[in-house]
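Colleague: Could you take me on a close look at a single part of this model, and then show me how that part sits in the rest of the chain? I'd be glad of one connected account.

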Amino acid sequence: MHKDRSEMKYSTMNPGHIRVGIAQQAPVWGNRGATTEIILSTITDAAAQGVRLLVFPETFLPGYPFWVCRTDGAVFDDEGQKAAYAYYLEQAVEADGIELQTIAQCARDHQVFVYLGIAERGTRSARGTVFCSLAAIDPESGTVTVHRKLLPTYDERLVWGHGDGYGLSCHRLGGVNVGGLCCWENWMPQVRQALYADGEDIHVSVWPGNKSLTEDISRFIAREGRVWSIAASGILTSDDIPADFPLATQLAGRGHEVYFDGGSTIVAPTGRVVIEPAVAHGQLIVADLETAAVRRERLLFDPTGHYARPDVFDVTVDRRRKDSARFIDEEARR
């Protein structure tokens, strides 16, 4: 029998604080079913420690496309690369698929808000495309948004499609607003501005895993937005790659490699690093964030309030999902 939700929600919380968790872990790479089990177990463990907001790394489910930059991924019409992509596409998850439904139910049972990086494929349009997506899963409402990374970075463009503005929004949790972005999307000024303008208090960024990726931008976002900045990074080595992956033999010829070694961190609205970038091993990182810290720092700077100039700068954010076709007959039947 589950505990009463109101008891679960507040029994381990200090007033004026929100407990957050970062799942710095390795997935069962290329296996969406087994990785889903890791996610369910981590949600359960985090809830037992009183975590209200839990964040997983970029495309944790079912893994980051690490092979592209290590196996001549740009060779045109290469049979090995096509086989690798087909393998990855097969294990990608759908926004309304059984994996996210199961995770949403677990989040509901344990009253944990989850930000989960997923490799997403379209359910109808774009069924042959993988998107780097960030699912926001509310414990009451389920999956509330699935934001697709606006622009994949460098070699990622060989395997991920371009996203859109859908999901560039904040979600209410325990009296604060939480928003999230994927990897180098966090370096895009207009995208950060969109979340700040939507009332963001806690900024979530998800990464494949490296200290060099997270330490500078996490502090910058905290100070620019006067927000709590949470960066979740992953762990992955060549030992984690399954033997049936089409390029496994080629990768094995390179010897043992550490692809990602973490780098998860938490920075206060002052720019003070609360959790130093954690590297080298998987762990569940837990911290209590003082919600009033955001309000104190806004005295000095509020990028979308008293330090904004809407009379000079006009910002428009299109948050509609952009599909390849719009079916008029279906709209008429609604």
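Modeller: Happy to! Let's start with Pro62, which sits in the loop between β2 (53-55) and α3. Keep in mind throughout that this is a predicted model. The peptide bond joining Leu61 and Pro62 is cis, with omega at about 0°. That deserves a look, because most peptide bonds are trans.

From Pro62 we can step across to helix α3, which covers residues 79-91 and includes Gln91. Setting aside residues up to four places away in sequence, Gln91 touches Pro62, and also Gly30, Asn31 and Arg32. Is Gln91 buried or exposed? Its relative accessibility is 19%, so Gln91 counts as buried, the cut-off being under 20%.

Back in the loop between β2 and α3, we also find Asp72. Its phi is positive, about 55°, although Asp72 is not a glycine. Again the backbone is worth a second glance, because most residues other than glycine have a negative phi. In contrast to the buried Gln91, Asp72 is exposed, with a relative accessible area of 57%. Tyr154 makes a good companion to Asp72: Tyr154 also has a positive phi, near 50°, and is not a glycine either. You will find Tyr154 in the loop between β5 (142-148) and β6 (171-173), where Tyr154 is exposed at a relative accessible area of 70%.

Now for the aromatic side chains. Phe66 and Trp67 form an edge-to-face pair, with 6.4 Å from centre to centre and 85° between the planes. The pair is called edge-to-face because its planes are over 60 degrees apart. Both Phe66 and Trp67 are buried. These two also belong to one aromatic cluster, together with Trp29, Tyr87, Tyr88, Phe245 and Tyr259. In total, the structure holds 16 aromatic pairs. Another of them joins Phe301 and Tyr307, which are tilted: the centres are 4.9 Å apart and the planes make an angle of 50°. Unlike the buried Phe66 and Trp67, Tyr307 is exposed, with a relative accessible area of 55%.

For another place to visit, try Pro277 in strand β12, which runs over residues 273-279. Pro277 is buried, at a relative accessible area of 16%. Which residues does Pro277 contact, leaving aside its neighbours within four places in sequence? They are Lys211, Glu215, Gly263, Ser264 and Thr265. To get a feel for the span, compare Pro277 with Asp78: the two are 199 residues apart along the chain, and their C-alpha atoms are separated by 38 Å.

Finally, let's zoom out to the whole chain, with its nine helices and 13 strands. For 334 residues, a compact globule would have a radius of gyration near 20 Å, and the chain agrees with its 20 Å. Along the principal axes, the C-alpha trace spans about 60 × 45 × 45 Å. Buried residues account for 52% of the 334. Of the contacts between residues at least 6 apart in sequence, 72% join residues at least 24 apart. The accessible surface comes to about 15300 Å², and 51% of that belongs to carbon and sulfur atoms. As for charge, there are 34 positive and 44 negative charges, and their mean positions lie 6 Å apart.

Technical notes: Residues numbered from 1 in each chain as written. Predicted model: local features only at pLDDT ≥ 70, side-chain atom pairs only at ≥ 80, totals over all residues. Heavy atoms only, no water. Helix = DSSP H or I, 4+ residues; strand = E, 2+ residues; numbered from the N terminus. Rg over C-alpha atoms; globule rule 2.2 N^0.38 Å. Buried < 20%, exposed > 50% of the residue type's maximum accessible area, 1.4 Å probe, protein only. Contact = heavy atoms within 4.5 Å. Areas by Shrake-Rupley, 256 points an atom, 1.4 Å probe, with all protein chains shown as cover. Lys, Arg positive; Asp, Glu negative; His and termini not counted. Charge placed at Lys NZ, Arg CZ, Asp CG, Glu CD. Phe/Tyr/Trp six-rings, centres within 6.5 Å; stacked < 30°, edge-to-face > 60°.
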